[in-house]
Every structure is written in C-alpha cells, then in structure tokens.
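Here is a protein model to go through together. The turns below ask why certain labels apply and check each value against its cut-off.

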Amino acid sequence: MMQTELLTKRNIATIGEEITHELGAELVTNYRKAHPNDVQGYIIGKEILNQILAQPGCAGIQFHNAINELGQKTLVYVGLDQNGKQLINYTVVTEDAQLQKQKGIVADRSIPSPSGDDIFGDDGWFIVD
C-alpha cells in the first residue's frame with residue numbers, strides 16, 4: 001500500500017535519473033556477485049518501448065519479472081499513467097468524434113543479454129570505446 005501511495009504522490013514521468021558509468025558498473029557487479037546464476041540482463045528494442053510510451057496518457061513504463069511459456073525468466077512491461085495506474089485500457093476520440101476504448105499494450109519477448117557479450121567487461125565494468 002505504501003508503495004502505491006508513494007507512486008501516486010510522485011510525478012511518474014520524472015522517475016529515474018542518469019547515473020555515472022562507474023556507479024552503474026558497481027550496481028551491476030553487486031547484483032552479479034549476489035546472484036551469479038541469475039539472468040544478468042535483458043535486451044528490449046526501442047520500437048515496443050516507443051509504442052508503449054506513445055499511448056495517450058502514458059507517463060512511464062513498469063517492468064514485471066515473469067516466467068514465459070518455456071519456463072524462462074523474462075519481463076512483462078506495461079505503460080503507466082501519471083497516477084501510477086497501468087494502461088490496460090484507454091479512451092480515444094475517433095475521427096467522427098466518438099469515444100472508443102482501446103486495449104493498452106502489454107509487452108513481452110525481451111531477450112536475456114548474452115553473457116560476456118554485453119556492455120560489461122569480465123570485471124563487470126562498462127566497456128567504453
């Protein structure tokens with residue numbers, strides 16, 4: 001309950017911030033040390049993220065840990081409105097000025113980052129060209 005309360009009092013669109021490469025590498029390294037056999041990351045294409053963010057009233061995206069049909073860890077992601085409510089449905093105005101319900105986008109099919117082939121070197125630090 002408190003988590004929901006915090007979300008509704010916060011500007012959803014402003015959640016998240018840029019951090020340094022060093023802090024990012026430290027956080028990832030900490031996770032990898034604590035969970036060496038877990039999925040180390042996911043790749044999600046910008047097209048689906050842009051589609052979610054382009055929905056009317058979308059202020060952010062919520063990611064949920066999930067298990068797919070094959071028993072593999074994945075993510076399910078859905079748009080959030082400014083009040084932190086998932087955009088499962090939203091209303092649009094048609095060309096003939098009618099209100100129409102649309103289903104919100106619920107997405108999946110992220111892929112795990114290949115180990116050793118992501119943006120981190122063997123020591124967990126970002127590879128910077």
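What follows is a set of questions and answers on this predicted model.

Q: What makes D38 and K73 a salt bridge?
A: The closest N and O atoms of D38 and K73 are 2.7 Å apart. A salt bridge needs a side-chain nitrogen of Lys or Arg within 4 Å of a carboxyl oxygen of Asp or Glu, so the label fits.

Q: Why can the pair of D38 and K73 be said to tie parts of the chain together?
A: D38 sits in the loop between α2 and β1 (42-43), while K73 belongs to strand β3 (residues 73-80). The two parts are 35 residues apart in sequence, so the pair ties them together.

Q: Why is K73 called partly exposed?
A: K73 has a relative accessible area of 33%. Buried means under 20% and exposed over 50%, so a value in between earns the label partly exposed.

Q: How do you know that R109 forms a salt bridge with E69?
A: Their closest N and O atoms are 3.0 Å apart, and the cut-off is within 4 Å, so the pair qualifies. R109 lies in the loop between β6 (106-107) and β7, and E69 in the loop between β2 (60-67) and β3, so this pair ties together parts that are 40 residues apart in sequence.

Q: Why does R109 count as exposed?
A: The relative accessible area of R109 is 55%. Exposed means over 50%, so R109 meets the definition. Its partner E69 is exposed as well.

Q: What makes E69, D108 and R109 one network?
A: D108 also forms a salt bridge with R109, with the closest N and O atoms 2.6 Å apart. Salt bridges that share partners join E69, D108 and R109.

Q: Is D108 buried or exposed, or in between?
A: D108 has 25% relative accessibility and counts as partly exposed, because the band for that label runs between 20% and 50%.

Q: What makes I19, L23 and L27 a nonpolar patch?
A: Leu and Ile are among the nonpolar side chains that can make up a patch, and members need over 30% relative accessible area. L23, for one, has 34% relative accessibility. Together I19, L23 and L27 have about 240 Å² of accessible area on the surface. L23 is found in helix α2 (residues 21-34).

Q: Why is P114 called partly exposed?
A: P114 has a relative accessible area of 39%, and this value lies between the 20% and 50% limits, so the label holds. P114 is in the segment after β7 (111-112).

Definitions and conventions: Residues are numbered from 1 along each chain as its sequence is written. This is a predicted model: local features need pLDDT of at least 70, side-chain atom pairs count only at pLDDT 80 or more; totals for chains, interfaces and linings use all residues. Side-chain values use heavy atoms; hydrogens and water are left out. Helices (H or I, at least four residues) and strands (E, at least two) are DSSP runs, numbered from the N terminus. Buried means under 20% relative accessible area, exposed over 50%, partly exposed in between (1.4 Å probe, protein chains only). Patches are made of residues with over 30% relative accessible area and no salt bridge: like charges are joined within 9 Å, nonpolar side chains (Val, Leu, Ile, Met, Phe, Trp, Tyr) within 5 Å. Accessible areas come from the Shrake-Rupley method with a 1.4 Å probe; for residues, only the protein chains shown count as cover.
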